[in-house]
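Reader: I am a first-year student and would like a close look at one part of this protein, the sheet and what packs around it. Please go through it step by step.

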Amino acid sequence: MRDAVGSFVGWPSDLIFPDAETPTRLTHKVGKGISRRIESVASQKEVPGRKLKSAAKDIPTTSGTKSQIMMRLEKMVDESDIMHGAIRSIDFDEGVFGAAHFEIIAKEDMQQLFEHDELGIAVIHTYIWYMYVTLMRGTELCNRFNFIAASRINATLITKNPTSVKNDLVDRFMAAGDNTTPSLYFLPFNSGNGGHWVLVAMDLSRLIVYYLDSLSGDWSKYPSMKKTVDAAIIKFRSKKNYRNRKDITWVRVQCPQQNNSVDCGFFVLRFMRDIIALNRIDIPKMYFEEYKSYSRAHLDEIKDELCQFIVDQRII
């Protein structure tokens with residue numbers, strides 16, 4: 001389905017907007033395609049946790065049932081051309097991943113949300129965009145938290161060309177400034193071929209890498225990933241003429257654990273959401289007291305926030 005990018009896609013007339021670049025492509029750009037409502041939320045100088053609470057207060061969620069906003073979005077999808085093979089191409093703010101980035105949204109991506117299924121890269125990235133727009137853009141949090149695209153650094157790509165992946169990671173570090181003050185780089189890492197998701201959070205100033213896995217085990221499961229991350233950090237510091245004061249320290253965080261085979265992507269999104277909402281660069285080894293475990297309601301909240309964002313952005 002994703003091979004259809006660049007081909008003609010039928011587009012209902014009621015979904016044509018003046019800001020769109022072409023009739024078949026829905027485009028969002030900074031200060032142009034983002035709705036005024038989202039700009040207003042993103043510009044507020046509130047405590048991050050309060051912004052999250054405010055954004056979700058009108059979204060009723062009952063664990064195990066679909067919320068009103070999810071049912072509304074599901075109806076929109078059912079009535080759209082997406083159900084017949086059409087796609088949506090969305091341009092992200094450059095600040096999300098430090099460079100131009102676009103994402104393809106198709107029928108299977110929406111079904112992952114509606115059916116609580118294993119998440120793919122498109123849903124992971126779109127929720128990251130939501131966090132950037134709703135929590136970070138226009139605030140000091142942009143200097144404290146950065147995202148790395150999972151489509152550029154994952155187990156499959158490392159196996160094929162580790163040097164290229166390492167250089168991509170260095171370029172991402174270089175795009176964010178001097179990194180002399182504590183900040184975190186979030187890398188949602190996938191084991192390959194639609195496999196398991198883990199979160200790698202890197203603090204370049206203190207040479208600490210936090211590893212959060214909702215299943216048992218540590219980074220030894222992915223030795224090539226650890227080798228690539230370490231090499232990228234060392235190369236970045238060399239290019240910046242920073243002294244390597246000490247070895248890179250990896251910390252396995254005792255984070256909440258999933259109890260099924262599909263929740264890893266939702267857990268990774270929730271990890272990032274909680275860290276940003278608490279505005280914490282240092283992640284406790286025993287995780288945060290506020291979130292020792294995740295219920296289904298915690299994961300449903302992620303889905304409802306993303307459904308609301310997709311509706312607000314008029315992606316469908």
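Author: The protein has 11 helices and 7 strands. The model is a predicted one. Of its 316 residues, 52% count as buried. Among the contacts with a separation of 6 or more, 71% are between residues 24 or more positions apart.

Now the sheet. It is an open sheet of 5 strands, in the order 3-4-5-6-7, and its pairing is mixed. Strand 3 (145-147) and strand 7 (249-252) are the edge strands, each of them pairing on one side only. On average, and with direction ignored, neighbouring strands of this sheet are turned by 25° against each other.

Start at the edge formed by strand 3. Strand 3 and strand 4 (residues 184-190) run parallel and are joined by 3 bridges. One residue pair to look for is Asn-146 with Tyr-185, its bridge partner in strand 4.

Further along the order come strand 5 and strand 6. These two strands pair in the antiparallel sense over 5 bridges, and Asp-203 stands opposite Ile-208 of strand 6. Together strand 5 and strand 6 form a hairpin with 4 residues between them. Leu-207 lies in that loop between strand 5 and strand 6. Leu-207 has a positive phi of about 55°, although it is not a glycine. With a relative accessible area of 1%, Leu-207 is buried.

Strand 6 deserves a slower look. Of its 5 residues, 5 are buried, so strand 6 is largely enclosed by the rest of the structure. Ile-208, Tyr-210 and Leu-212 point one way from the strand, while Val-209 and Tyr-211 point the other way; all are buried. On to the other edge: strand 6 and strand 7 pair in the parallel sense over 4 bridges. There, Tyr-210 stands opposite Val-251 of strand 7.

Next, the helices on the sheet. Helix 9 (residues 223-239) lies across strand 4, strand 5, strand 6 (208-212) and strand 7, and runs at about 135° to strand 7. Helix 6 also packs on the sheet, where it touches strand 3, strand 4 and strand 5 (197-203). The direction of helix 6 makes about 150° with that of strand 3.

Helix 6 has a helix partner as well. Helix 6 (residues 121-136) packs with helix 11 (residues 296-312) at an angle of about 75°, and their axes are 10 Å apart. The two helices are therefore roughly perpendicular to each other. On the side of helix 6, the contact is made by Val-123, Thr-126, Tyr-127, Trp-129, Tyr-130, Val-133 and Thr-134. Helix 11 contributes Ile-302, Glu-305, Leu-306 and Phe-309. By type, the residues of this contact divide into 8 nonpolar, 2 polar and 1 charged. A general point about helices helps in reading such lists: an α-helix has 3.6 residues a turn, so residues three or four places apart point the same way.

Helix 11 also holds Glu-301. At 25% relative accessibility, Glu-301 counts as partly exposed. Its side chain makes a polar contact of 3.2 Å with the side chain of Arg-273. Glu-301 and Arg-270 are 31 residues apart in sequence, and from C-alpha to C-alpha they are 9.2 Å apart in space. In the segment after helix 11 is Arg-314. Arg-314 has a positive phi of about 55° although it is not a glycine, and a relative accessible area of 48% makes Arg-314 partly exposed.

Helix 5 (residues 107-114) belongs in this picture too. Its buried residues include Asp-109, Met-110, Gln-112, Leu-113 and Phe-114. The buried residues of helix 5 pack against helix 6 and helix 11, and also against helix 3 (68-78), strand 2 and helix 10 (264-278). Just after helix 5, His-116 takes a positive phi of about 50°.

Last comes His-101, in the loop between helix 4 (94-97) and strand 2 (102-105). At 15% relative accessibility, His-101 counts as buried, because the cut-off is under 20%. A polar contact of 3.5 Å joins the side chains of His-101 and His-125. Leaving aside residues up to four places away in sequence, His-101 touches Ile-90, Asp-91, Phe-92, His-125, Ala-149 and Ser-151.

Terms used:
Residues are numbered from 1 along each chain as its sequence is written. This is a predicted model: local features need pLDDT of at least 70, side-chain atom pairs count only at pLDDT 80 or more; totals for chains, interfaces and linings use all residues. Side-chain values use heavy atoms; hydrogens and water are left out. Axes are lines fitted to C-alpha atoms, for helices over the stretch in contact, and angles run from 0 to 180 degrees between N-to-C directions. Angles under 35 degrees count as roughly parallel, over 145 as roughly antiparallel, 65 to 115 as roughly perpendicular and the rest as oblique. Contact means heavy atoms within 4.5 Å. Ala, Val, Leu, Ile, Met, Phe, Trp, Tyr, Cys and Pro count as nonpolar, Asp, Glu, Lys and Arg as charged, and the others, Gly among them, as polar. Two strands pair if DSSP finds at least two bridges between them. Buried means under 20% relative accessible area, exposed over 50%, partly exposed in between (1.4 Å probe, protein chains only). A polar contact is a pair of N or O atoms within 3.5 Å; within protein, one must be able to donate a hydrogen and the other to accept it, and residues adjacent in sequence count only if both atoms are side-chain atoms.
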